[in-house]
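User: I am new to this structure and would be grateful for a close look at a single part of it. Please explain how that part is built and what surrounds it.

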Amino acid sequence: MLAGLAADGTYAAGARHTVDVSAEDAWRNWAEGAGLGRWLSSPRTALKEGERTTLKDGTEVLAVRVRPPALLRLRLTRADWPRPRTAQLRVLPAARGHTVALHMEGLPDAASRAGYIQQWKKALSGLEATPAKKSAPKKTGAKATSKRKTGARKAPAKKASARKVATKKTGAKATSKQKASARKTPLKKAST
């Protein structure tokens, strides 16, 4: 049996690549707007589950499943195709980052299958020139710090134990000099 050949005589194509990004960034870069254009064609409107839209290349699209940031399943139709095709993008957790997996069913022949695989591998490896929308950088400065939680923090264990050591030596509250020296005092080796 030929690779990618289904029981109904159509072909399926697939490609995947692991990238060191969050699931949300992978979704933004591959399933939305210009990112979808990396492996299919950019849609004229946002993809919403159950709604139809048209890609810039004229392909009619029905968004079958839209489950950000994990699954996008589309039904594609064109006048020059004998039957509809199903395209799917999945964002899967990986040891480092996430795997972007592309799949299409209903291809007419092995040549179109090979064409999609080659196009997708090129796009997934970053050789495609189409830039995707990057996520906004995190804010820094006064506004960012005002949103952080404030309050007393517990002293790390090493500092707390150093204060106890200094207090035991003097029998009273340790001074800041004693605290500093307690932290810097190396451990003595037992003589044999």
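Analyst:
**Aromatic rings and the sheet beside them**

In this predicted model, 2 aromatic pairs are present. One of them joins W39 and W120: the ring centres lie 6.0 Å apart and the planes meet at 70°, so the pair is edge-to-face, since planes over 60 degrees apart fall in that class. W39 belongs to the loop between α2 (33–36) and β2 (52–54), while W120 belongs to helix α3 (residues 110–124), so the pair ties together parts that are 81 residues apart in sequence. W39 has 0% relative accessibility and therefore counts as buried. W120 likewise counts as buried because its relative accessibility is 0%. The rings of Y116 and W120 also form a pair; their centres are 5.4 Å apart and their planes stand at 50°, so this pair is tilted. Y116 and W120 are both part of helix α3, separated by 4 residues, which is about one turn of the helix. Both residues are buried. Through these ring pairs, W39, Y116 and W120 are linked into a cluster.

Two further rings have a charged partner. The charged end of R38 sits over the ring of W30, 4.6 Å from the ring centre. R85 lies over the face of W81, with a distance of 3.8 Å to the ring centre.

The sheet comes next. An open sheet is formed by 6 strands in the order β1-β6-β5-β4-β3-β2, with antiparallel pairing. Its edge strands are β1 (11–19) and β2, each of which pairs on one side only. On average, neighbouring strands of this sheet are turned by 20° against each other, direction ignored. Helix α1 (residues 23–31) packs on the sheet and touches β3, β4, β5 and β6 (98–107); the direction of α1 makes about 155° with that of β5. Helix α3 packs on the sheet as well, touching β1, β5 and β6, and its direction makes about 10° with that of β1. Helix α3 is thus the element that holds W120 and also contacts the sheet.

Within the sheet, strand β4 can be followed in detail. Strand β3 (residues 60–67) and strand β4 (residues 71–77) pair in the antiparallel sense over 7 bridges. Among the matched positions, E60 has T77 in β4 as its bridge partner, and V61 stands opposite L76. A hairpin through 3 residues joins β3 to β4. Strands β4 and β5 run antiparallel and are joined by 6 bridges; L71 has R90 in β5 as its bridge partner. The side chains alternate along β4: L72, L74 and L76 point to one face and are buried, whereas L71, R73, R75 and T77 point to the other face and are not buried.

Two positions in β5 show what lies next to β4. T86 is placed in strand β5. T86 counts as buried because its relative accessibility is 8%, and the cut-off for buried is under 20%. The side chain of T86 makes a polar contact of 3.1 Å with the side chain of R75. Leaving aside residues up to four places away in sequence, T86 touches R73, L74, R75, H103, M104 and E105.

L89 also has its place in strand β5 (residues 85–93). Its relative accessibility is 0%, so L89 counts as buried. L89 and L74 are 15 residues apart in sequence, and their C-alpha atoms are 8.8 Å apart in space. Not counting residues up to four places away in sequence, L89 touches W27, W30, A31, W39, A70, L71, L72, V100, A101 and L102. This list returns the description to its starting point: L89 touches W39, and W39 is part of the aromatic cluster with Y116 and W120. The list also includes W30, the residue whose ring lies beneath the charged end of R38.

Notes: Residues are numbered from 1 along each chain as its sequence is written. This is a predicted model: local features need pLDDT of at least 70, side-chain atom pairs count only at pLDDT 80 or more; totals for chains, interfaces and linings use all residues. Side-chain values use heavy atoms; hydrogens and water are left out. Buried means under 20% relative accessible area, exposed over 50%, partly exposed in between (1.4 Å probe, protein chains only). Contact means heavy atoms within 4.5 Å. Rings of Phe, Tyr and Trp (its six-membered ring) pair if their centres lie within 6.5 Å; planes under 30 degrees apart count as stacked, over 60 as edge-to-face and the rest as tilted. A charge sits over a ring if NZ of Lys or CZ of Arg is within 6 Å of the ring centre and within 35 degrees of the ring normal. Two strands pair if DSSP finds at least two bridges between them. Axes are lines fitted to C-alpha atoms, for helices over the stretch in contact, and angles run from 0 to 180 degrees between N-to-C directions. A polar contact is a pair of N or O atoms within 3.5 Å; within protein, one must be able to donate a hydrogen and the other to accept it, and residues adjacent in sequence count only if both atoms are side-chain atoms.
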